[in-house]
Amino acid sequence: MFENLTNKFEEIFSSLKKAPSLNEAQVDEGLAKIRLALLEADVALSVVKELIKNIKPRAIGQEIIRSTSPGQMIVKVVFDEVVKILGEAKSELNLNVVPPACLMLVGLQGSGKTTSAAKIAKYLEKKNNKKSLLVSLDVYRPAAQEQLNTLGEKNSIQTLPIVKDQLPIDIVKRALSAATLNGSDIIIFDTAGRTQVDLAMMNEIKEIKSLANPIETILVADSLTGQVAVNVAQEFKKAVDLTGIILTRVDGDGRGGAALSMKFATNTPIKFIGTGEKIEEIDIFHPDRIANRILGMGDVVSLVEKAAQDLDEEKIKETEKNLRTGSFSMEDYLSQLRQMKKMGGMEGVLSMLPGVSKIKKQMDNANIDENIIKVNEAIILSMTKEERLDPKIINGSRKKRISGGSGADPATINKLLKQFKMMTNMMKKMSKGGHEEGIPPEIFNQLK
Ligand SMILES: Nc1nc2c(ncn2[C@@H]2O[C@H](COP(=O)(O)OP(=O)(O)O)[C@@H](O)[C@H]2O)c(=O)[nH]1
Ligand SMILES: [Mg+2]
């Protein structure tokens, strides 16, 4: 997520931070680099201008140039201004209405409306204990209605049964009475999309909107399309007055242009981000956490929250302790691999750690993905207790036995042993000199 932009910010900040003092020309040079990085990330020009305009007077202010750690203070200024551009506070769904509260999702074809409809229903069930009814109004694309209903059934969310050849308006009427009858708190309308914004599409949305009277009209936009997503949002905003935006495919978006531009360019808050194809891969949009990620400071709060939600805290504490005391073994590695699997693999964990782009590259080279996690699990399970505690003793004949037990070839076992070594070295380094890796000690301690 946003790794291209993050890498550039890390570079710019690290050279600013190195300088013991900064003069105005150096600050200007840093700002020029920031400007370029933002433009290359496909951030809207109006947003880049606004950011630089707000950062500049603060960055060249006397308090910074004269301070003892000018680079550090500039980072803080940039962070503050990015948070402002992103919208300052998180923006929740408005459900403050006599039920059923209608939410209407609009957007281009393939932007992720259907997936997001199911994600939101699940999210509201988990977080707010609300029962949703999923309703597809996409009568144009073949099997679109079935797609939503299948998703609903798979995830135990109520869906409106499909009546063949019914028009969207009639489906809305049926949904409203069905929701009242079965006591749904929320109706989520998944509307049809087009490949581009057109008049017929807008007219249909307006008609549906005036009948369903939704409390939230939410645009689902694909962050991978960058400024196109922003332009689409502006058009929808004009035509149907959006109350919020869901930005999807943020998981694959290295640039972050849409995320950074959306709020400022459309004056509409991003309410959620989609971070994967799975039903639970949706997050509230927290401007401060996103700014942390973009600026390479890591989304530690989300990481900790996620850890608390998904993971076995005792196990983590034990692993952390072993890590610090240098007795980190294959057993710990195995438990860590399992925790990682729960958290959506390496990618999920690493993308949230601060200063992590360097490490992540190493990991990419080591080719760690979820499949490999499974294979590694099998290999470790085929080791004896002795071997797990002290992998150094694994010689040729032991390798052969492990290979037989796990089904993995010796080369894969070697790779795991090498990875393990690399990982323990890296962790030793991080636990000693976390600060050098870009992790402030107070944050690093939270992770322990
Ligand atoms: N990686 C990723 N894929 C997504 C996300 N949201 C949706 N998708 C995928 O995008 C494709 C189109 O989504 P769909 O909901 O059918 O789009 P719709 O045409 O707007 O209803 C599907 O393959 C989804 O799995 C997301 O946040 N991340
Ligand atoms: Mg759809």
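Here is a short tour of strand β7, its neighbours and ligand 1.

Before you click, know that this is a predicted model, where local features need pLDDT of at least 70, side-chain atom pairs count only at pLDDT 80 or more, and totals for chains, interfaces and linings use all residues. Residues are numbered from 1 along each chain as its sequence is written, while chains are lettered from A and ligands numbered from 1 in the order in which they are written.

Start by colouring by pLDDT, the predictor's confidence in each residue, from 0 to 100. The protein averages 84, and 81% of the residues score at least 70. Next, select residues 433–448, where the pLDDT is below 50.

Now select β7, residues 270–274. Helices (H or I, at least four residues) and strands (E, at least two) are DSSP runs, numbered from the N terminus. Five of five residues in β7 are buried, meaning 20 or more other C-beta atoms, placed from the backbone, lie within 10 Å of a residue's own.

Add β6, residues 244–248: β6 and β7 pair in the parallel sense over three bridges (pairing takes at least two DSSP bridges). Look for Ile246, whose bridge partner in β7 is Phe272.

Then show β8, residues 282–284, which runs antiparallel to β7 and is joined to β7 by three bridges. Here Ile273 has Asp283 as its bridge partner.

Last stop: ligand 1. Which residues are closest to ligand 1? They are Gly112, Lys113, Thr114, Thr115 and Gly274, out of 18 that surround the ligand (C-beta atom, placed from the backbone, within 6 Å). Helix α6, residues 113–128, gives the largest share of this shell, three residues.

Terms used. Buried ≥ 20, exposed ≤ 12 C-beta atoms within 10 Å, placed from the backbone. Contact = placed C-beta atoms within 7 Å.
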